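Ready for a few exercises? Have a look at the chain first, then work through the tasks below one step at a time.

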Amino acid sequence: RLGRFIWHDGSPAADDHIERYLPKTVAVIGQSALDQARLDRAPHLQAVFNVESNFLPNIDYAECHRRGIPVLSTAPVYARPLAEMVLGMAISLARRMHEADAALRAGREFKGDNHDSFLLHGKPLALVGFGNLGRALLPLLRPFSREILVHDPWIHPSVLRDLDLIPSSLDECFARARVVFLLAAIT
């Protein structure tokens with residue numbers, strides 16, 4: 001009832017496939033390249049849904065903004081489950097749980113000692129990047145530490161201080177924190 005849905009899966013759609021449907025396209029879901037010339041050929045385009053939660057340089061974002069075409073991302077949806085996974089990985093690395101699990105599955109006794117294991121509790125932690133994932137991870141880290149450093153050049157330090165975080169340089173994060181969570185997207 002809403003209209004015709006054109007599906008393409010697998011390798012990127014060929015240019016002629018995209019071009020054929022642009023004049024009537026209302027929404028693009030996926031990673032199709034949309035430069036200004038393509039946007040000109042899509043007069044009914046109302047939204048672009050980036051389903052991989054990244055912002056590849058294949059879309060003229062400024063032109064979409066100028067035309068009032070939102071480019072939306074699924075990143076907020078995945079932030080919470082990914083934050084939990086990130087915390088689980090950090091605990092596993094700190095306590096060497098993954099090594100013990102691998103040894104047990106291989107039928108070996110885990111002979112590692114705990115001399116280099118550590119608790120996250122009470123340790124300085126750092127977030128490099130404070131977007132959707134960093135914001136979802138923060139409440140999970142609070143029970144472990146009140147000393148949380150953040151490096152994100154896109155966020156004003158006063159915003160971080162208001163959240164009881166420590167604005168830090170990248171070098172400070174690596175020098176002071178026991179665990180550094182690398183959460184920044186490649187830009």
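On a 1 Å grid over the protein atoms alone, a cavity is a set of points where a 1.4 Å probe fits but cannot get out, a pocket is an open set with protein on both sides within 12 Å along at least five of seven lines, and lining residues have an atom within 4 Å of a point. We're working with a predicted model, where local features need pLDDT of at least 70, side-chain atom pairs count only at pLDDT 80 or more, and totals for chains, interfaces and linings use all residues. Residues are numbered from 1 along each chain as its sequence is written, and side-chain values use heavy atoms, with hydrogens and water left out.

**Exercise 1. Find the residues that line the largest cavity, and sort them by class.**

Step 1. The structure has 1 cavity of 30 Å³ or more. A volume here is the space filled by probe spheres set on the grid points, which are joined across faces, edges and corners.

Step 2. Look for Gly-30, Gln-31, Asn-50, Asn-54, Phe-55, Leu-56, Asn-58, Ile-59 and Tyr-61, which form the lining.

Step 3. Now sort them: Ala, Val, Leu, Ile, Met, Phe, Trp, Tyr, Cys and Pro count as nonpolar, Asp, Glu, Lys and Arg as charged, and the others, Gly among them, as polar. You should get 4 nonpolar, 5 polar and no charged residues.

**Exercise 2. Describe the largest pocket and the residues closest to its centre.**

Step 1. Start with the space: the largest pocket holds about 1,200 Å³. Of its 32 lining residues, Ile-6, Trp-7, Ala-27, Val-28 and Ile-29 are closest to the centre.

Step 2. Next, see which elements take part. Helices (H or I, at least four residues) and strands (E, at least two) are DSSP runs, numbered from the N terminus. Both α1 and β1 (27-29) supply at least two lining residues, and α1 gives the most, with 5.

Step 3. Split the lining by class, and it comes to 16 nonpolar, 9 polar and 7 charged residues.

Step 4. Zoom in on Trp-7, which sits in the segment before α1 (15-21). Its relative accessible area is 62%, so Trp-7 is exposed (exposed means over 50%, buried under 20%, partly exposed in between, with a 1.4 Å probe and protein chains only).

**Exercise 3. Follow the salt bridges that involve Arg-67, then look at Glu-19 and Arg-38.**

Step 1. Get the rule straight: a salt bridge is a side-chain nitrogen of Lys or Arg within 4 Å of a carboxyl oxygen of Asp or Glu. The count comes to 11 salt bridges.

Step 2. Asp-40 and Arg-67 meet in one of these, at 2.3 Å from N to O. Asp-40 lies in helix α2 and Arg-67 in helix α3 (residues 61-67), so this pair ties together parts that are 27 residues apart in sequence.

Step 3. Arg-67 also meets Glu-63, at 2.6 Å from N to O. Both of those lie in helix α3, 4 residues apart, about one turn of the helix. Glu-63 is buried because its relative accessibility is 8%, whereas Arg-67 is partly exposed at 29%.

Step 4. Finally, find the salt bridge between Glu-19 and Arg-38, at 2.7 Å from N to O. It links distant parts of the chain, with Glu-19 in helix α1 and Arg-38 in helix α2 (residues 36-40), 19 residues apart. Arg-38 has 7% relative accessibility, so Arg-38 counts as buried, while Glu-19 is partly exposed at 27%.
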